[in-house]
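Dear colleague,

I am handing over the structure we spoke about, and it is placed directly below. After it I have set out what was found, so that you can follow along with the model open.

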Amino acid sequence: MLFTRRDATTPLAPAARAVTRYRWTILAVGVAAQMAVSALRQGLPALGPTLISQLHLSLPQLGVVLGSVSAGIVLTLIPWGALADRVGERPVISIGLTGTAMALAVASLTGGYVALLVALVVAGMFGASATGASGRAVMGWFGRGERGLALGIRQTGVPPGGGLAAIALPLIVAGFSLRAALLALAAGCLVAAAAAWRWMREPPEAREEPRPRAGGPAPLRDRRLWRLATGSGMLVVAQASILGFVVVFLHQQRGWSPAAAAAALAAVQVGGSAVRVAAGRWSDRRQERVAPMRALGLGASVLLAAAAALWQAPAAVLVPTLVGAGVLAMSWNGLSFTAAAEMSGRQRAGTAISVQNTVLSAGGAVAPLAFAALVVATSWPLAWSALVLCQLGGVAVLRSSMADERRRRAARASGPARDEAGEDGRRLHRKRGSWHSTSPESPRTARQEAQ
């Protein structure tokens with residue numbers, strides 16, 4: 001018998017308890033890195049009026065400036081993820097966010113459109129380092145029974161980072177200057193970089209064990225990963241469109257004040273963050289990631305279809321329906337990153353998460369443009385209905401990904417000691433008649449992985 005059970009009442013050794021607690025420090029550092037990048041990416045629009053007035057930008061020029069950070073991120077997500085797989089998370093996040101801070105410092109000194117644009121693109125290129133690397137760190141420190149929850153928590157760093165920046169940056173401009181606002185963003189990146197350098201560590205198994213040979217195709221050649229990314233990219237269309245236009249819809253079509261319409265958007269953001277955590281925990285209990293993604297996509301489809309049918313109904317009926325659709329449409333991102341990481345294994349998790357995020361970022365950038373054009377060409381109800389079709393298409397594409405995930409789960413159950421290609425390379429062995437793991441997980445989590 002390869003494994004023997006450790007009595008659940010036997011206390012963990014002090015070293016094991018310390019390792020078990022330290023994984024939450026790793027998660028906190030990952031959330032901080034995510035918040036620093038989100039503050040730049042999602043907080044920059046709050047500086048729009050200032051950029052127009054001080055740099056004399058036209059509206060199209062402002063749009064290019066606001067999209068420059070995202071463009072830089074998309075360009076370098078995969079290289080940063082691959083580098084994290086080779087050298088680890090600590091140097092990647094620390095060097096990357098330090099580079100972002102330096103680029104923002106340069107941006108604060110510029111006085112023209114082109115120079116600012118270049119500096120922000122470079123800031124985004126360095127900022128992409130935090131995405132794949134922080135996800136890879138969570139993959140290494142959390143067992144399969146906790147990864148969905150952990151990556152869901154990591155994803156909640158996106159809305160707070162953007163929200164805090166959106167509130168703080170205009171106040172900094174009013175009290176000081178545009179230069180001070182950009183330097184404040186740089187300071188946030190430096191704090192996150194310092195935290196990563198101080199506290200980010202490789203899990204014990206990565207330090208003490210020889211690196212296992214990765215099985216299966218590399219992420220960029222893995223059809224399973226691209227299929228998962230394609231299905232997720234179809235789901236993100238509704239997410240990006242609702243976030244981008246729910247305020248405009250409520251203001252123009254229902255006569256809401258901008259503040260009231262923005263409150264509905266805030267409800268979507270807050271609700272989506274909460275459901276991301278809950279969805280992660282749900283996926284941990286089910287030991288599946290893709291099936292919950294499909295369920296959330298179906299739920300969002302139903303509510304979007306209802307919103308399209310009820311677009312002239314009383315606000316008390318329409319708004320909760322539309323907000324509910326937005327919450328469900330936002331809730332699956334952490335699951336998609338978890339699925340990508342587990343599909344490729346820890347040694348390739350940085351690249352896998354970066355591939356997934358590249359597709360989602362590209363889809364999120366194109367979706368609002370296409371949605372706006374469809375509204376102008378047809379009507380709001382038809383545009384909402386088109387989002388339903390995108391959701392259902394994503395759910396259909398993900399069906400084969402769900403079947404693949406279930407096959408891998410069955411393989412683990414039938415042979416827990418043998419790593420299946422694409423699964424993380426943990427090695428459990430018997431030591432002194434008790435459960436022992438070279439991973440940072442507790443014996444209870446190791447037992448869950450082996451089952």
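**Two loop residues with positive phi**

Gln287 is found in the loop between helix 12 (258-286) and helix 13 (290-309). Please keep in mind while reading that this is a predicted model. The phi of Gln287 is near 60°, which is a positive value in a residue other than glycine. At a relative accessibility of 22%, Gln287 counts as partly exposed, because that class lies between the 20% under which a residue is buried and the 50% over which a residue is exposed.

His56 also has a positive phi, of about 60°, although His56 is not a glycine. The place of His56 is in the loop between helix 2 (48-55) and helix 3 (59-87), and with a relative accessible area of 66% His56 is exposed.

**The protein as a whole**

The secondary structure comes to 18 helices and two strands, and of the 451 residues in the protein, 53% are buried. If one takes the contacts with a separation of 6 or more, 82% of them are accounted for by residues 24 or more positions apart. The accessible surface comes to about 18300 Å², and 67% of that surface belongs to carbon and sulfur atoms.

**The nonpolar cores**

The largest nonpolar core has 54 residues, and those with the most contacts inside it are Leu47, Leu51, Leu97, Leu104 and Leu120. Leaving aside residues up to four places away in sequence, Leu51 touches His56, Leu57, Leu62, Val65, Leu116 and Leu178, so that the exposed residue His56 is one of the contacts of this core residue. There is also a second, separate core of 31 residues, which includes Ile242, Ala300, Ala367 and Trp380.

**How three pairs of helices pack**

Two packed helices are described by the angle between their axes and the distance between the axes, and the three pairs below are given in those terms.

Helix 13 and helix 14 (residues 315-330) pack at an angle of about 155°, with their axes 8 Å apart. Because an angle over 145 degrees counts as roughly antiparallel, helix 13 is roughly antiparallel to helix 14. The crossing in which helix 13 passes helix 14 is left-handed. On the side of helix 13, Leu296, Gly299, Ala300, Leu303, Leu304, Ala306 and Ala307 take part, and they meet Leu318, Thr321, Leu322, Gly324, Ala325, Leu328 and Ala329 in helix 14. Ala300, which belongs to the second core, is among the residues of helix 13 in this contact.

Helix 6 (residues 129-141) and helix 7 (residues 147-155) pack at an angle of about 150°, with their axes 10 Å apart, and that angle makes helix 6 roughly antiparallel to helix 7. The crossing of helix 6 and helix 7 is right-handed. The contact involves Ala130, Thr131, Ser134, Gly135, Val138 and Met139 of helix 6, together with Arg147, Ala150, Leu151 and Arg154 of helix 7.

Helix 15 (residues 333-344) and helix 16 (residues 349-377) pack at an angle of about 140°, with their axes 8 Å apart. Why are helix 15 and helix 16 called oblique to each other? An angle has to be over 145 degrees to count as roughly antiparallel, and the angle of about 140° therefore leaves helix 15 and helix 16 oblique to each other. Helix 15 passes helix 16 in a right-handed crossing, and the contact is made by Asn333, Ser336, Phe337, Ala340, Ala341 and Ser344 of helix 15 and by Ala349, Ala352, Ile353, Gln356, Asn357 and Leu360 of helix 16.

**Two partly exposed helix residues**

Leu392 has its place in helix 17 (residues 380-414), and at 40% relative accessibility Leu392 counts as partly exposed. Leu392 and Ser301 are 91 residues apart in sequence, while in space they are 6.8 Å apart, C-alpha to C-alpha. Not counting residues up to four places away in sequence, Leu392 touches Leu298 and Ser301.

Ala262 lies in helix 12 and is partly exposed, with a relative accessible area of 34%. Ala262 and Val246 are 16 residues apart in sequence and 8.4 Å apart in space, again from C-alpha to C-alpha.

With best regards

Conventions: Residues numbered from 1 in each chain as written. Predicted model: local features only at pLDDT ≥ 70, side-chain atom pairs only at ≥ 80, totals over all residues. Heavy atoms only, no water. Core = buried A, V, L, I, M, F, W, Y, C linked by side-chain atoms within 4.5 Å. Buried < 20%, exposed > 50% of the residue type's maximum accessible area, 1.4 Å probe, protein only. Contact = heavy atoms within 4.5 Å. Helix = DSSP H or I, 4+ residues; strand = E, 2+ residues; numbered from the N terminus. Areas by Shrake-Rupley, 256 points an atom, 1.4 Å probe, with all protein chains shown as cover. Axes fitted to C-alpha atoms, helices over the stretch in contact; angles between N-to-C directions. Parallel < 35°, antiparallel > 145°, perpendicular 65-115°, else oblique. Left-handed = near helix turned anticlockwise from the far one by under 90°.
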